[in-house]
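Hi,

Here is the structure I promised to pass on to you. Have a look at it first, and then read on for what turned up.

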Amino acid sequence: MHNHVSLTACIAEVDPLRYTPAGLPALDVRLEHASRQTDAGQVREVKLLLKAVAIGTLAERLARQNLGSCFAFHGFLATGRGGKSVVLHIQDMQQN
């Protein structure tokens, strides 16, 4: 099975840098995306706000970015803490 997401988005919100029980830096962010997509032959406006998390050196790098900065994010989806939402686990980010 595959679980890979590539999304161009901008940093909308950033929580304070935290540390996992193993001592790794972790950063919770909200990513904002807007685009035009074709669905069933019709063009539609798509907007979303997605919870995301980065771990390790990627978390430290993301913590230094300005709100509104846009990147191509790559990672996988998992259920968030509490099991009520989907979270993008960021594995890579490239300046857009």
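To start with the turns: how many residues lie between β3 and β4 in their hairpin, and which residue in the turn has a positive phi? Two residues separate the strands, and A40 is the one in the turn with a positive phi, about 55 degrees. Please keep in mind that this is a predicted model.

**Strands**

The β3 and β4 strands run antiparallel and are joined by 14 bridges. Strand β4 covers residues 42-55, and A54 in that strand stands opposite L27.

On the other side of the pairing list, β2 and β3 also form a hairpin, this time with five residues between them. G23 sits in that turn and has a positive phi of about 90 degrees. Two bridges hold the antiparallel pairing of β2 with β3, and R18 has A26 as its bridge partner in β3.

Strand β1 pairs with β3 as well, in the antiparallel sense and over four bridges. Here the bridge partner of E13 in β3 is R30.

**Salt bridges**

The search of the whole structure came back with five salt bridges. Let me take you through some of them.

R30 and E13, the bridge partners just mentioned, also meet through their side chains in a salt bridge, at 3.4 Å from N to O. This pair links distant parts of the chain: E13 belongs to strand β1 (residues 5-14) and R30 to strand β3 (residues 25-39), 17 residues apart. How do the two compare in exposure, buried or partly exposed? R30 counts as buried because its relative accessible area is 15%, under the 20% cut-off. E13 is partly exposed, with a relative accessible area of 36%. The pair is also part of something wider, since E13, D15 and R30 are linked in a network of salt bridges.

R18 forms a salt bridge with D28, and the closest N and O atoms are 2.9 Å apart. Again the pair links distant parts of the chain, with R18 in strand β2 (residues 18-19) and D28 in β3, ten residues apart. D28 is buried at a relative accessible area of 14%, whereas R18 is partly exposed at 28%. Note that the salt-bridge partner of R18 is D28, while its bridge partner in β3 is A26.

E45 and R36 form another salt bridge, with 2.8 Å between the closest N and O atoms. Both E45 and R36 are exposed. As a general point, side chains of opposite charge can pair when their charged atoms come close.

**A histidine in β3**

One more residue is worth opening in your viewer. H33 is found in strand β3, and H33 counts as buried because its relative accessibility is 12%. What does its side chain meet in a polar contact? The partner is the side chain of S35, at 2.8 Å. Leaving aside residues up to four places away in sequence, H33 touches L7, T8, A9, V46, K47 and L48. Of these, V46, K47 and L48 fall within the residue range of β4, 42-55, and L7, T8 and A9 fall within that of β1, 5-14.

If you want a place to begin, I would follow β3: it pairs with β1, with β2 and with β4, and it holds R30, D28 and H33.

Happy browsing, and do write back with your thoughts!

Best wishes

Notes
Residues are numbered from 1 along each chain as its sequence is written. This is a predicted model: local features need pLDDT of at least 70, side-chain atom pairs count only at pLDDT 80 or more; totals for chains, interfaces and linings use all residues. Side-chain values use heavy atoms; hydrogens and water are left out. A salt bridge is a side-chain nitrogen of Lys or Arg within 4 Å of a carboxyl oxygen of Asp or Glu. Buried means under 20% relative accessible area, exposed over 50%, partly exposed in between (1.4 Å probe, protein chains only). Two strands pair if DSSP finds at least two bridges between them. A polar contact is a pair of N or O atoms within 3.5 Å; within protein, one must be able to donate a hydrogen and the other to accept it, and residues adjacent in sequence count only if both atoms are side-chain atoms. Contact means heavy atoms within 4.5 Å.
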